[in-house]
Every structure is written in C-alpha cells, then in structure tokens.
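Me: Please take a close look at one part of this structure, the backbone of its loops, and then relate that part to the interior.

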Amino acid sequence: MFNELAQERRPMAQGIAWFDGLLVEEQVAALRLLSHYCVQARATSDDGPEAIRRAGLRETHTPAVLITRGRINEQLGKIASLAPLDERRKAFRLLISVLAVADDRRRQCFCADGCGHEWHRLPLAT
C-alpha cells in the first residue's frame, strides 16, 4: 500500500480511508513502518519542503514543522509518534510524501538503468 501511494498508483484518499479504518495501535505501527521505509529510501532533511508541498500540508502543521528541523531519522520517529488522530492523518500523508520524494531520487540515481526492487515494478491499482 505505501509504495503504491508514494508512486501515485493509488489515490491518497484511498490511503487515508485505509489508514482511518485501522485501530489506533495499528495506525501507530503503520506510521512507524512507514518512517522506517523513509529511512531505507535515504530521506534527507532537504526532502522536507517538497514532501510538505506534495502532502498538501501547511508549513505550520506539526508534522511539517518537525520534518524541517534536521536530524531526519530522529524527526521521522517523532512524526510517527504523534498522538491525536488529526496529527496521525497528517503524519501519514507527510510520510507517504517523504517516501515518494526520497524514492524518486533513488530511482533516478541508482535505478535508472533497472534494478531488482520489486516495488519499482508495481502494476496500476484497480
């Protein structure tokens, strides 16, 4: 689901509906896993502004403020730990966007001539 959302193979509205259908503990686990994927994709602090734009967040929203404060791995953990439901939804949108930005960069730099990453060969969702 995460890679399909990041690659815009599923609409974000579908991702939000899926996320909202999870129990609180499952939402927290999903955000932690998503933040881990961002780390694996080698997200950087420089990805923050573009991710905020893609997520459709204001720069004053808590997850947006956190992503721009440097030490990206630490900030991703803080974003994944946000408690109120509204903040978790924003965190989900932002982390999907961070993954998209970081993965786009890695795809252009390291996978342009092909790769073995199965998530780079996803079919279009129906």
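**Two loops and the core**

Reply: Arg71 is found in the loop between H5 and H6, where helices are DSSP runs (H or I, at least four residues; strands are E, at least two) numbered from the N terminus. This is a predicted model, in which local features need pLDDT of at least 70 and side-chain atom pairs pLDDT 80 or more, whereas totals for chains, interfaces and linings use all residues. Residues are numbered from 1 along each chain as its sequence is written, and side-chain values use heavy atoms, without hydrogens or water.

The phi of Arg71 is near 45 degrees, a positive value in a residue other than glycine. Most residues other than glycine have a negative phi. Arg71 is exposed, at 65% relative accessibility; exposed means over 50% relative accessible area, buried under 20%, and partly exposed in between (1.4 Å probe, protein chains only). Glu8, in the loop between H1 and H2, likewise has a positive phi, near 55 degrees, and is exposed, with a relative accessible area of 71%.

Turning to the interior, the largest nonpolar core (buried Ala, Val, Leu, Ile, Met, Phe, Trp, Tyr and Cys joined through side-chain atoms within 4.5 Å) has 34 residues, and Ile67, Phe92, Leu94 and Val98 have the most contacts inside it. Helices H1, H2, H3, H4, H5, H6 and H7 each give two or more residues to this core, and H7 supplies the largest share, 10 residues. Leaving aside residues up to four places away in sequence, Leu94 touches partners including Ala51, Pro63, Ile67 and Ile79, contact being heavy atoms within 4.5 Å.
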